[in-house]
Amino acid sequence: MSNPIFINKRIDDFNKVINVSGDKSISIRWVLFSSLAQGVSKAKNLLMSEDVMATINAVKKMGIKVILNKNDCKIYGKGFDGYKYKKNITINAENSGTLGRLILGFLINTSNPIKLIGDKSLSKRDFSRVSKPLSKFGAKFKLKNNKFLPLVISGSNNLKPCTYFENRGSAQCKSSIIFGGMRTSGTTVIRAKKSRNHTELLCKYLNLPLAIKHKKNYDEIKIKKVSKIKPLNYKIPGDISSSAFFIVLTALLKKSKLIIKDVNINPSRIGIIIILKKMGVKFNFRNKRIYKGEKIADIKIISPKILKSINCPTKLNSGAIDEFLIIFLVAAKAKGISNFKNLGELNQKESPRLRWGKYILDQLGVKSIATKNSIKIYGNPKLNINKKIEIKNYLKDHRVFMTSVIAALAFGGHWKIHDKDSIKTSFPNFLKTIKKIQK
Ligand code: S3P
């Protein structure tokens with residue numbers, strides 16, 4: 001069902017304080033780690049989205065008890081070898097690349113084959129990027145056309161450690177191999193291009209045998225077999241990737257201010273803030289603190305008088321990988337031409353996002369030139385839309401939907417944006433939060 005939203009009116013300037021829901025990457029990792037802990041783990045502010053529910057359903061399939069209340073979630077882990085499951089089970093990762101890729105790392109010793117499936121979007125994504133390195137441990141995989149879901153993993157009880165070079169800056173691939181290393185005797189060595197480091201921070205907090213050397217362009221991670229994980233109580237901080245839509249909305253208006261409370265500002269995730277600062281947006285961090293290795297703060301954003309174009313340094317790509325669609329809207333309104341390069345990875349996401357970014361800019365009447373891995377955007381500080389725009393058939397990519405809503409609210413026009421339910425993947429409260437700002 002298409003379930004569209006119609007937007008015909010810009011948003012007025014605002015001065016508000018909001019919260020966003022719990023971080024998706026940390027929520028999924030909390031569920032996975034807790035499912036292997038010895039004892040009961042409890043989380044507050046767990047993101048209640050479809051990706052996280054799919055993760056909870058996956059660990060339930062592995063025989064783990066989960067109790068989900070309105071304000072907290074409890075997971076009754078039975079130890080690092082505590083998964084007990086029936087023969088021939090199927091895990092449905094639905095839309096979640098993070099769940100699908102990470103859980104395979106924990107399943108490399110499975111005694112019975114396990115099938116992994118996903119929705120239409122996930123079934124178009126490359127799973128050989130994890131099945132190939134995980135095969136080096138000794139696990140066996142069968143994938144559709146050697147690359148796609150559905151796949152079947154058959155574990156081994158004779159695992160051997162491996163060396164893996166991760167050169168895309170993919171935290172999902174890195175984490176999957178870290179999880180594999182935890183199952184394997186000996187030392188697994190990963191040389192990974194910098195990417196979000198929530199898995200490593202959780203390992204450190206849990207005192208797991210993981211060592212990291214930070215080199216200039218990559219991290220060298222060594223991981224040894226884990227025998228026990230202690231229960232993990234966690235208050236999940238707000239998601240910077242969900243905050244990004246409201247950061248940009250503020251940046252695109254004239255006289256607005258916004259405070260977003262309790263957001264995770266892990267340095268490996270704040271590419272959007274560094275990029276927008278370079279484009280002229282003002283930020284303040286308040287109430288900064290460290291929680292279980294993660295940095296958290298209230299973020300204040302003040303709309304700038306003028307937005308500047310940017311030649312975006314490619315070293316910022318990984319820290320803003322989920323935010324480029326929304327960053328392109330800022331470039332659309334900036335004075336001058338902005339360039340974003342080395343972004344081929346964007347086309348590997350829930351939808352081919354570089355192409356969708358270009359499509360949205362075309363709809364806005366903003367000139368852009370895109371290649372397979374770059375985009376040049378000719379900004380227009382007076383951008384003002386008055387036409388009908390329809391956004392559909394975008395593989396229900398939550399970030400395409402939310403970016404379109406922000407474009408409609410900031411630039412005007414008469415929008416019909418299909419598949420409102422796509423927000424359930426990562427940010428079910430997105431439209432409610434918009435309403436809160438509009439009041
Ligand atoms: C994620 C890693 C990123 C990101 C995704 C979440 C994670 O994917 O796009 O939304 O939680 O590890 P890649 O690892 O494919 O870059």
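User: In the hairpin region, which residue in E5 does Val 66 stand opposite?
Analyst: Val 66 stands opposite Ile 75 in E5. This is a predicted model, and the strands concerned are E4, residues 65-68, and E5, residues 72-78, which pair in the antiparallel sense over 4 bridges.

User: How many residues does the hairpin use to join E4 to E5?
Analyst: The hairpin passes from E4 to E5 through 3 residues.

User: Moving to the open sheet, what is the strand order?
Analyst: The order is E18-E19-E21-E20, so named for 4 strands whose pairing is mixed. Strands E18 (311-312) and E20 (368-370) stand at the edges with a single partner strand each, so one side of each has no neighbour in the sheet.

User: And how does E18 run relative to E19, parallel or antiparallel?
Analyst: E18 and E19 (residues 337-340) run parallel and are joined by 2 bridges. Within that pairing, Asn 311 has Asn 339 of E19 as its bridge partner.

User: Now the ligand. Which residues are around it?
Analyst: The residues around the ligand are Ser 25, Gly 97, Thr 98, Ser 170, Ala 171, Gln 172, Ser 175, Arg 196, Ile 321 and Asp 322. By class, this shell has 6 polar, 2 charged and 2 nonpolar residues.

User: Which helices supply at least two residues of that shell?
Analyst: Helix H3 (97-106) and helix H5 (171-182) each do so. H5 gives the most, with 3 residues.

User: Turning to H12, which of its residues are buried?
Analyst: In helix H12, residues 430-438, the buried residues are Phe 430, Thr 433 and Ile 434. They lie on the same side of H12, because they cover an arc of only 105° around the axis. As general background, an α-helix has 3.6 residues a turn, so residues three or four places apart point the same way.

User: What covers those buried residues of H12?
Analyst: The cover includes strand E2 (15-19), helix H7 (240-252) and helix H11 (398-411).

User: Which exposed residues does the face turned away carry?
Analyst: The face of H12 turned away from its buried side carries Lys 432 and Lys 435, both exposed.

User: Next, backbone geometry. Which peptide bond is cis?
Analyst: The bond from Leu 149 to Pro 150 is cis, with omega near -5°. Pro 150 belongs to strand E9, residues 148-154.

User: What about phi at Asn 3 and Glu 94?
Analyst: Phi of Asn 3 is near 45°, which is positive although the residue is not glycine. Glu 94, also not a glycine, has a positive phi of about 50°. Asn 3 sits in the segment before strand E1 (5-7), while Glu 94 is in the loop between strand E6 (90-92) and H3.

User: Is Glu 94 buried or exposed? And Asn 3, buried or exposed?
Analyst: Glu 94 is buried, because 20 other C-beta atoms lie within 10 Å. Asn 3 counts as exposed, because it has 9 C-beta neighbours inside 10 Å.

User: Finally, the overall picture. How many helices and strands does the protein have?
Analyst: The protein has 12 helices and 23 strands. Its radius of gyration is 21 Å, close to the 22 Å that the globule rule gives for 439 residues, so the protein is as compact as a globular protein of that length. The C-alpha atoms fill a box of roughly 65 × 45 × 45 Å along the principal axes.

User: What percentage of the residues count as buried?
Analyst: Of the 439 residues, 51% count as buried. Among contacts between residues at least 6 apart in sequence, 77% join residues at least 24 apart.

Notes: Residues numbered from 1 in each chain as written. Predicted model: local features only at pLDDT ≥ 70, side-chain atom pairs only at ≥ 80, totals over all residues. Near = placed C-beta within 6 Å. Nonpolar A, V, L, I, M, F, W, Y, C, P; charged D, E, K, R; others polar. Buried ≥ 20, exposed ≤ 12 C-beta atoms within 10 Å, placed from the backbone. Arc of directions from axis to C-beta. Contact = placed C-beta atoms within 7 Å. Rg over C-alpha atoms; globule rule 2.2 N^0.38 Å. Pairing = 2+ DSSP bridges.
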